[in-house]
Amino acid sequence: MALYIKKGRVIDPANDVDRISDLKIENGQIVGHALALAEEATKDDVVIDAEGKLVIPGLIDLHCHLREPGGEAKETIATGTRAAARGGFTAVAAMANTTPVCDSQSGVEFLLKRSKETGLVRVYPIGAITKGLQGQELAEMADMASCGAIAFSDDGKTVARSDIMRRALQYSQMCERLIICHCEDDDLVHEGVMNEGYWSTLLGLKGIPTVAEDIIVARDIMLAEATGASIHIAHVSTAGAVEIIKQARARGVDVTGEVCPHHLALTDAAVEGFNSATKVNPPLRTEKDRQALKKGLRDGTLTILATDHAPHTTEEKAREYAYTPFGISGLETAWPIYWRELIEDKVLTVNEMVAALTVHPAARCNLPGGTLAVGAPADITIIDPQREETVTLDGWASQGKNTPFLGWKLRSWPIYTLVGGRIVMKNREIVDEL
Ligand SMILES: NC(=O)N[C@@H](CC(=O)O)C(=O)O
Ligand SMILES: [Zn+2]
Ligand SMILES: [Zn+2]
């Protein structure tokens, strides 16, 4: 049995493809592209009509929190990967800040095994940089790399000690893996819960200054430059960080940066009303920062889009603003939010936006996928750019209901997700029983 995707606009930035075509899928792989290829389909085959739709490589998220093991009340691999499928993602990289922390071979092996058993999309483990995310002793980086860790990160925390970070960068080169940096100076953050500025003053909440991020972005870039290592800056949120990354790239430092949907769509003004779903780390910043992120994407300083999907329980998110945990459940609204902020606002072309969600993240971590080339695994997303939907929790797959976008009317939604040729989401609904 073959599957055909008929008459879609096929966009494959990795191969400079943007044309109306049919795709043929067999045995989990893309086996052909051509106009009218679907005419050969027999009654045993499946044909998806994609006229007026975008047919793109499955989206790849380099930054999400699946919470398993230890945080199953917030999310599991089963529910988090279903949220991914609903959002058009065919692969997600899972951060190490679980309980226990993913800082050894057994942590990586657990994640891979559990993902195979219960995951709906591909899951790539990210190993911790330091044991227990304690920032004192390097984790078993080489062991983790050998059994499938695709990168290293203490995300959720900064590696505060520069000597430890320097050593980690040296080891990462031997392991040929990227270090992903969560950048905030803990002393400057202190007890802050939102961006420091007009709104924190008005609302009487403790502020987190932008320099808390900038200073560690600068430090990590200098350490990467000194060691020759490759780094990736997670959730870039400040104008200062964009400028520092831009200068470093111009000098030839191997640094990339990612942008999250919420930092493009919202500012700290959204905290008015104390909606706990707006509490995230790094915090929502000012309009100036938001515009700097867009400019950074436009001029090629920032090349990757990632969700930082950070689900929490409804109970935790019902706490007072100062005490509720940081994090936004982002997988299910990422594509239409990016569309609104980057396509409707004319920051990127559709091809550039697709590249930032597919070939760029794949290339950065040497992942398979991110392309629709013949012979590639059939990880494919179909987008209906016309579809309008209001964000509600109906059909929401993530256990984390902590989205600041409830009630937003958004255009352009994923309508099919295929992983290895298998349909895992169709017409906005998961195709699979838990
Ligand atoms: N982004 C967040 O606000 N929270 C993340 C941690 C992180 O990404 O730093 C989490 O694990 O909850
Ligand atoms: Zn982080
Ligand atoms: Zn994170």
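This is a short walk through one predicted model, beginning with its parallel sheet and ending with a few backbone details.

Let me start with the sheet, since several of the later points refer back to it. Eight strands form an open sheet, and their order across it is β6-β7-β8-β9-β10-β13-β14-β15, with parallel pairing. The two edge strands are β6 and β15, each of which pairs on one side only. If you look at the pairing of β7, residues 89-94, with β8, residues 122-127, you will find four bridges between these parallel strands, and there Ala91 stands opposite Arg122 in β8. Helix α7, residues 211-227, packs on the sheet, where it touches β10, β13 and β14, and its direction makes about 170° with that of β13.

I would like to dwell on strand β10, residues 178-181, and to ask which of its residues lie on each side, and whether they are buried or exposed. Leu178 and Ile180 are on one side, Ile179 and Cys181 are on the other, and all of them are buried, so that both faces of the strand are covered. As for its partners, β10 pairs in the parallel sense with β9, residues 151-153, over three bridges, and in that pairing Phe152 stands opposite Ile179. With β13, residues 231-233, β10 likewise pairs in the parallel sense over three bridges, and here Cys181 stands opposite Ile233.

The connection from β9 to β10 runs through helix α4, residues 162-175, and the three elements together make a right-handed β-α-β unit. Within that helix sits Arg167, which counts as partly exposed because 19 other C-beta atoms lie within 10 Å, whereas 20 or more would have made a residue buried. For a sense of distance across the model, Arg167 and Thr349 are 182 residues apart in sequence and 39 Å apart in space, taken from C-alpha to C-alpha.

Turning to helix packing, I will take one pair. Two packed helices are described by the angle between their axes and the distance between the axes. For helix α8, residues 239-251, and helix α10, residues 287-298, the axes come within 8 Å and cross at roughly 30°, and therefore α8 counts as roughly parallel to α10. The contact itself brings Ala239, Val242 and Lys246 of α8 against Lys288, Asp289, Ala292, Leu293 and Gly296 of α10. Sorted by class, this contact has four nonpolar residues, one polar residue and three charged residues.

Helix α13, residues 350-357, is the next element, and its buried residues are Met353, Val354, Ala355, Ala356 and Leu357. What do these buried residues pack against? Their neighbours are the strands β1, β5, β6 and β15, together with the helices α12 and α14.

Further along the chain there is an antiparallel arrangement. Strand β16, residues 380-390, and strand β17, residues 409-419, run antiparallel and are joined by eight bridges, with Leu410 in β17 as the bridge partner of Glu389. Strand β17 is also joined by four bridges to β18, residues 422-426, again in the antiparallel sense, and Arg422 in β18 is the bridge partner of Val419. The hairpin of β17 and β18 has two residues between the strands, and in this hairpin Gly420 takes a positive phi near 55°.

That brings me to the backbone details, which you may wish to inspect for yourselves. The peptide bond from Glu68 to Pro69 is cis, with omega near 5°, and Pro69 lies in the loop between β6 and α1. Another cis peptide bond joins Asn281 and Pro282, with omega about -10°, and Pro282 is placed in the loop between α9 and α10.

Finally, there are two residues other than glycine with positive phi to set side by side. Asn27, in the loop between β2 and β3, has a phi near 50°, and this residue is exposed because it has 10 other C-beta atoms within 10 Å. Leu133, in the loop between β8 and α3, has a phi of about 55°, yet Leu133 is buried, because 22 other C-beta atoms lie within 10 Å.

Methods
Residues numbered from 1 in each chain as written. Chains lettered and ligands numbered in written order. Predicted model: local features only at pLDDT ≥ 70, side-chain atom pairs only at ≥ 80, totals over all residues. Buried ≥ 20, exposed ≤ 12 C-beta atoms within 10 Å, placed from the backbone. Pairing = 2+ DSSP bridges. Right-handed = clockwise from strand over helix to strand, strands pointing away. Axes fitted to C-alpha atoms, helices over the stretch in contact; angles between N-to-C directions. Parallel < 35°, antiparallel > 145°, perpendicular 65-115°, else oblique. Contact = placed C-beta atoms within 7 Å. Nonpolar A, V, L, I, M, F, W, Y, C, P; charged D, E, K, R; others polar.
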